[in-house]
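Let's take a walk through a protein model, looking at its hollows, its sheets and its charged pairs. Keep the 3D view open while you read.

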Amino acid sequence: MTRIAIVGGGISGLASAYALEEARRAGASVDYVLYESSPRLGGVLRTEHINGCVVEAGPDSFITEKPWAADLCRSLGIGDQLIGSNDADRKTYILTRGRLVEMPDGLMFMVPTKILPTGLSPLFSWKTKLRMAQELLHPPRGVDRDESVAEFVERHYGGEMVDRLADPLLSGVYGGEAANLSVRAVLPRFAEMERTHGSLGKAMLAARRKMPSARKPAPALFTSLKNGMQSLAQTIVSRLRPDALLTSTPVLAVQQREAGGWIVSAGLKSDQFDAVVVALPGPAAANVLHITNAELSRELGAIQYSSSITVALGYDDQVRRSLPPGFGFLVPRSEGKRLLAATFVHNKFPHRAPQDRALLRCFFAGSNAESVWPYSDDQIIGIVRNELQQILGLRAEPLFARVYKWKSAMAQYGVGHLERLERIQQLRQQLPGLALAGNAYRGIGVPDCVRSGRDAAAALLKATG
């Protein structure tokens with residue numbers, strides 16, 4: 001019987017455990033134990049039901065294009081619970097000089113693919129619009145070093161594009177700043193476009209021309225679950241053996257045995273395993289692996305994380321009718337606000353709120369989150385309401401308000417991240433029976449975490465089988 005430990009009960013660790021449970025039920029001679037330091041499983045997947053609204057404390061959805069989370073839902077038998085975003089009403093606004101300006105049609109992340117809407121948009125100055133036209137003439141360029149997203153975007157479109165679009169868009173996903181994020185790790189497709197076409201606009205247009213003319217309707221951009229993202233974690237937990245799930249059990253060390261295999265030390269107890277999946281954030285993984293390999297520990301500990309705060313506000317029908325259409329707005333740092341973004345959840349996912357309710361989800365991250373972290377929930381709600389009044393003219397008292405804080409939850413893929421991953425991989429290969437999973441490596445979204453967890457389990461099953 002092969003015994004495998006899983007350290008970490010977030011979605012990555014749960015995905016690993018479920019893959020091992022599937023193998024066990026299929027006849028594999030495998031057993032597993034999952035360790036989680038907190039009393040609950042699921043990590044940042046947490047949902048509350050308040051006044052008829054489905055309120056997400058953590059991620060509210062995942063990108064449909066990445067299939068791994070949806071595939072897992074289908075294998076769990078909850079594929080019928082998957083819901084798509086209401087893309088027919090998809091509009092996103094950027095706060096520009098104190099007013100909301102709609103992102104122009106045809107803008108693919110930050111790359112204009114339609115001349116007229118971009119040319120007429122008040123979002124960009126004429127200087128930036130001229131840069132967009134000139135960008136179409138960029139020759140193919142192979143860059144032999146990694147660089148920040150800000151450097152990359154500024155080279156193509158200028159600093160205004162970094163401030164108005166690249167930085168706010170990435171803040172909403174990574175909780176970090178474009179000046180600190182690696183273009184090769186965060187936007188690998190764009191780095192490849194530059195290598196092959198030079199111009200990002202030219203590459204996008206070429207890709208569009210290759211698409212078949214009789215296309216199926218595009219799938220929704222985002223996918224979620226009817227009863228909330230937490231239902232994914234809860235469903236996985238319901239399929240695992242209860243005696244294999246050790247909550248409120250922080251692991252202190254994971255050590256390699258001289259005779260082969262691993263020892264997991266949790267509190268005053270230690271247990272032996274043939275293999276281990278460490279499904280923790282980089283710094284936490286560094287701590288538990290320090291005794292085993294100090295160099296690997298240093299590399300894992302060097303992966304930076306940022307904190308985030310989500311504030312959910314519920315309002316009545318009068319507020320719902322007063323809000324602009326669309327999914328919400330992004331706030332460039334140059335606007336001097338603390339909020340980075342707000343989502344009109346009742347528009348993005350109509351299933352999340354009754355017809356007579358408005359549900360807003362407001363977001364702080366990185367230095368913005370740290371600046372308000374010491375404040376009480378009431379103080380943070382006051383800051384949000386004050387800025388919503390400035391941006392939307394929203395003065396109404398919310399029917400309910402909730403604050404959710406996530407300390408050091410979002411991995412920051414800094415410049416040189418892919419090179420660090422290569423070093424981590426080389427060091428890990430020297431430690432048979434060890435696998436790493438989580439958002440520290442190759443994607444921070446739920447689908448990426450599911451993929452990393454399942455891949456880790458598969459690799460260990462193959463190595464120990």
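## A hollow on the inside

First, a term we'll need: a cavity is a set of grid points where a 1.4 Å probe fits but cannot get out, and a lining residue has an atom within 4 Å of such a point. Bear in mind that what you're looking at is a predicted model.

So how many cavities of 30 Å³ or more does a search of the whole structure find? Just one turns up. The volume of this largest cavity is about 80 Å³. Its lining is made by V54, V55, E56, D60, T310, A312, V345, F349, R352, L359 and R361. Two or more of the lining residues come from each of the strands β4 (53–56), β17 (304–316) and β20 (357–365). The biggest giver is β4, with three residues. Sort the lining by class and you get six nonpolar residues, one polar and four charged.

## A parallel sheet and the helix across it

Time for some strands. Strands of a sheet pair through backbone hydrogen bonds, and they can do that in a parallel or an antiparallel way.

Here's a parallel case: five strands make an open sheet, in the order β12-β2-β1-β16-β22. At the edges sit β12 and β22, each pairing on one side only. Zoom in on β22 and its partner β16 (residues 275–278): the two pair in the parallel sense over three bridges. Within that pairing, V277 faces A435 of β22.

Now add a helix to the picture. Helix α18 lies across β1 (2–7), β2, β16 and β22, and its direction makes about 170° with β16.

## The second largest pocket

Some of those elements come back here. The second largest pocket holds about 520 Å³ of space. It is lined by 22 residues, and the closest to the centre are Q425, R428, A435, L436 and A456. You've already met A435, as the residue opposite V277.

Which elements give two or more residues to this lining? They are α17 (417–428), β22 (434–436) and α18 (446–464). The largest share belongs to α18, which supplies eight residues. By class, the lining has eleven nonpolar, five polar and six charged residues.

## An antiparallel sheet

For the other way of pairing, find the open sheet of three strands in the order β5-β11-β6, where the pairing is antiparallel. Its edge strands are β5 (62–63) and β6 (82–84), each with pairing on one side only. Between β6 and β11 (residues 222–225) there are three bridges, in the antiparallel sense. One bridge to spot is the one that L82 makes with L225 in β11.

This sheet has a helix packed on it too: α2 (residues 68–75) touches β5, β6 and β11. The direction of α2 makes about 145° with that of β6.

## Charged pairs

Side chains of opposite charge can pair when their charged atoms come close. How many salt bridges does the structure hold? The count is 28.

One to look up is the salt bridge where the side chains of D31 and R241 meet, at 2.8 Å from N to O. This pair links distant parts of the chain, with the two residues 210 residues apart. D31 belongs to strand β2 (residues 30–35), while R241 is in the loop between α10 (230–239) and β12 (245–246). Both β2 and β12 are strands of the five-stranded parallel sheet from earlier.

Definitions and conventions: Residues numbered from 1 in each chain as written. Predicted model: local features only at pLDDT ≥ 70, side-chain atom pairs only at ≥ 80, totals over all residues. Heavy atoms only, no water. 1 Å grid on protein atoms, 1.4 Å probe; cavity = no way out; pocket = protein on both sides within 12 Å on 5 of 7 lines; lining within 4 Å. Points joined across faces, edges and corners; volume = space filled by probe spheres on them. Helix = DSSP H or I, 4+ residues; strand = E, 2+ residues; numbered from the N terminus. Nonpolar A, V, L, I, M, F, W, Y, C, P; charged D, E, K, R; others polar. Pairing = 2+ DSSP bridges. Contact = heavy atoms within 4.5 Å. Axes fitted to C-alpha atoms, helices over the stretch in contact; angles between N-to-C directions. Salt bridge = Lys/Arg side-chain N within 4 Å of Asp/Glu carboxyl O.
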